[in-house]
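Visitor: I would like a close look at one helix of this model, and then at what surrounds it. Please take it step by step.

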2 protein chains.
Amino acid sequence: MLVSSKISVQKSTRKAQIFNASLELMRRMGYLSTSMRDIASAVKMEAASLYNHISGKEVILSETCFLMAEQLLKGLAEVNDIYFNPIEKLSLAVKNHVKVLTENTHAGWVFVHEWRNLSEENRIRFVALRDEYEKGFTTILKQGEDEGVFQDVNNKFAVLTILASLNWVVEWYKPQGDMTPEQIAEKLTEFILSGLKKENN
Amino acid sequence: MLVSSKISVQKSTRKAQIFNASLELMRRMGYLSTSMRDIASAVKMEAASLYNHISGKEVILSETCFLMAEQLLKGLAEVNDIYFNPIEKLSLAVKNHVKVLTENTHAGWVFVHEWRNLSEENRIRFVALRDEYEKGFTTILKQGEDEGVFQDVNNKFAVLTILASLNWVVEWYKPQGDMTPEQIAEKLTEFILSGLKKENN
DNA sequence: TTGCAATACTAACAAATGTTAGTTAGTTCA
DNA sequence: TGAACTAACTAACATTTGTTAGTATTGCAA
């Protein structure tokens, strides 16, 4: 296992209940449209009582975003440290990405969609992490190019396109669906590497 | 030209000014965080005066979303009607998609990101159009498979992944950037068809 | 010039929001 | 027992929000 999950393995503390309920609500209605009163009523308390457990609405968003970012970065770092073959690296990076996003589907969705609503300070920190993550992918592509395994593409363009397809997983992945995260990762890797044309192997 | 633009070729009526200012603000701050007072001050009037020109905040969002959807669908329909070769079809569908999204960058962004904030009634209508659009792409892929040009992939999966990469264009496209919409479309088509591996043609 | 339609304004509303203050009940533990 | 802590409550706050009502001004058509 590349990365350990903190969000999905929560003790059932009141704080954890609040987080879980919040993330579910935010996935359904969006961060801004989810009020503290909505959250409170989901965990059967008054809005004011939430402040005995969390310091404000934004920490739900920020803790989620930064935890996910941390997991993604950690996984990518491990991949970039350990394995040599660029194809293998890319494949493992994709697997890690899908794994992290699907481990807690609500958190994954909120992470992908709602980071824009972070306070300015947090947003700046977050974007820095995102840039770092993108750089990790760029490194893999560059290595692939240098070794003559990958086409000579516009790296920035390619990385963004790849990450776009990876992130879209949060849109339609269902734990009870007909594809496991591993299968999804495999299909995505295949798509990224070989595209649609049949002549390709 | 496959599709004519309505949003980008606006007469400078007061309503058009309001729409333009709104879309720019909404791209920067999001739909929900953009208040009528923000919009009003951007066009130098009072919030209440906006109602002489538009019936409410949501019409800005809904008109934008449905206009974009209409343009996308129209372009796709033309492609599916006229051309025969699936590869050519896909390539033209991609080109149309990128074209529509980049013609008015703010509208494109709002369309991709904010449709979730439509009223329930509009959201249902919108999702129906989106499903129809996805079906158009599925048809192309299926044809490619039947003719032995495309790999035998999970079509639903492939279409969603493809559209994800196409939509991500709104994230980073800049009219003054170093790639034209046509070049972007070309690169995307290449990526979708052939992937990253070098052995592919 | 008169009159009307278009467009702007001021004022205000009712609702919703995140959060704070102050209080109370229950539990833990010395 | 009693002190300290935890976690719930009620009440209220200051803002912000989209929108409406009513009124003034403007500019064009008759």
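Which residues of α5(A) are buried?

Guide: The model is predicted: local features need pLDDT of at least 70, side-chain atom pairs count only at pLDDT 80 or more, and totals for chains, interfaces and linings use all residues. Residues are numbered from 1 along each chain as its sequence is written, chains are lettered from A and ligands numbered from 1 in the order written, and side-chain values use heavy atoms, without hydrogens or water.

The helix comes first. In chain A, α5 spans residues 105-114 (helices are DSSP runs of H or I, at least four residues, numbered from the N terminus), and nine of its ten residues are buried. Buried means under 20% relative accessible area, exposed over 50%, and partly exposed in between, with a 1.4 Å probe and protein chains only. The buried residues are Thr105(A), Ala107(A), Gly108(A), Trp109(A), Val110(A), Phe111(A), Val112(A), His113(A) and Glu114(A). Their cover includes α1 (14-29), α3, α4 (86-103), α6 (120-146), α7 (155-167) and α8 (169-172) of chain A. At the N-terminal end, α5(A) is capped by Asn104(A), which has a side-chain oxygen 3.2 Å from the backbone nitrogen of His106(A). Such a polar contact is a pair of N or O atoms within 3.5 Å; within protein, one atom must be able to donate a hydrogen and the other to accept it, and residues adjacent in sequence count only if both atoms are side-chain atoms.

Next, the partner chain. Chain A superposes on chain B by a rotation of 180 degrees with 0.0 Å of shift along the axis, at an RMSD of 0.0 Å; the fit is by least squares on C-alpha atoms of residues with pLDDT of at least 70 in both copies. The two copies are thus related as by a two-fold rotation axis. Gly195(A) has the C-alpha nearest that axis in chain A, at 2.0 Å.

Between the chains, 39 residues of chain A are in contact (heavy atoms within 4.5 Å) with 40 residues of chain B. Of the interface residues of chain A, 100% are also interface residues in chain B, so the copies meet through the same surface. About 3900 Å² is buried between the two chains, 65% of it on carbon and sulfur atoms; this is the accessible area (1.4 Å probe) lost on putting the parts together, summed over both. Phe157(A), Leu196(A) and Lys197(A) lose the most area on the chain A side, together 20% of what that side buries.

Leu196(A) also appears among the contacts of Leu141(B), counted without neighbours within four places in sequence; others include Leu90(B), Phe150(B) and Ile162(B). Leu141(B) sits in helix α6 of chain B and is buried, with 1% relative accessible area.

Last, the DNA. Sixteen is the count of residues around DNA strand D, given as 16, with Glu46(A), Asn52(A), His53(A), Tyr51(B) and Lys57(B) the closest; a residue is near the strand if one of its heavy atoms lies within 4 Å. A polar side-chain atom of Asn52(A) is 2.5 Å from a base nitrogen of the strand. Phosphate oxygens of DNA strand D lie 2.6 Å from a backbone N or O atom of Glu46(A) and 2.6 Å from a polar side-chain atom of Tyr51(B). Lys44(A) is in the loop between α2 (36-42) and α3 (57-82) of chain A, and this residue is exposed at 74% relative accessibility.

Terms used
Helices (H or I, at least four residues) and strands (E, at least two) are DSSP runs, numbered from the N terminus.
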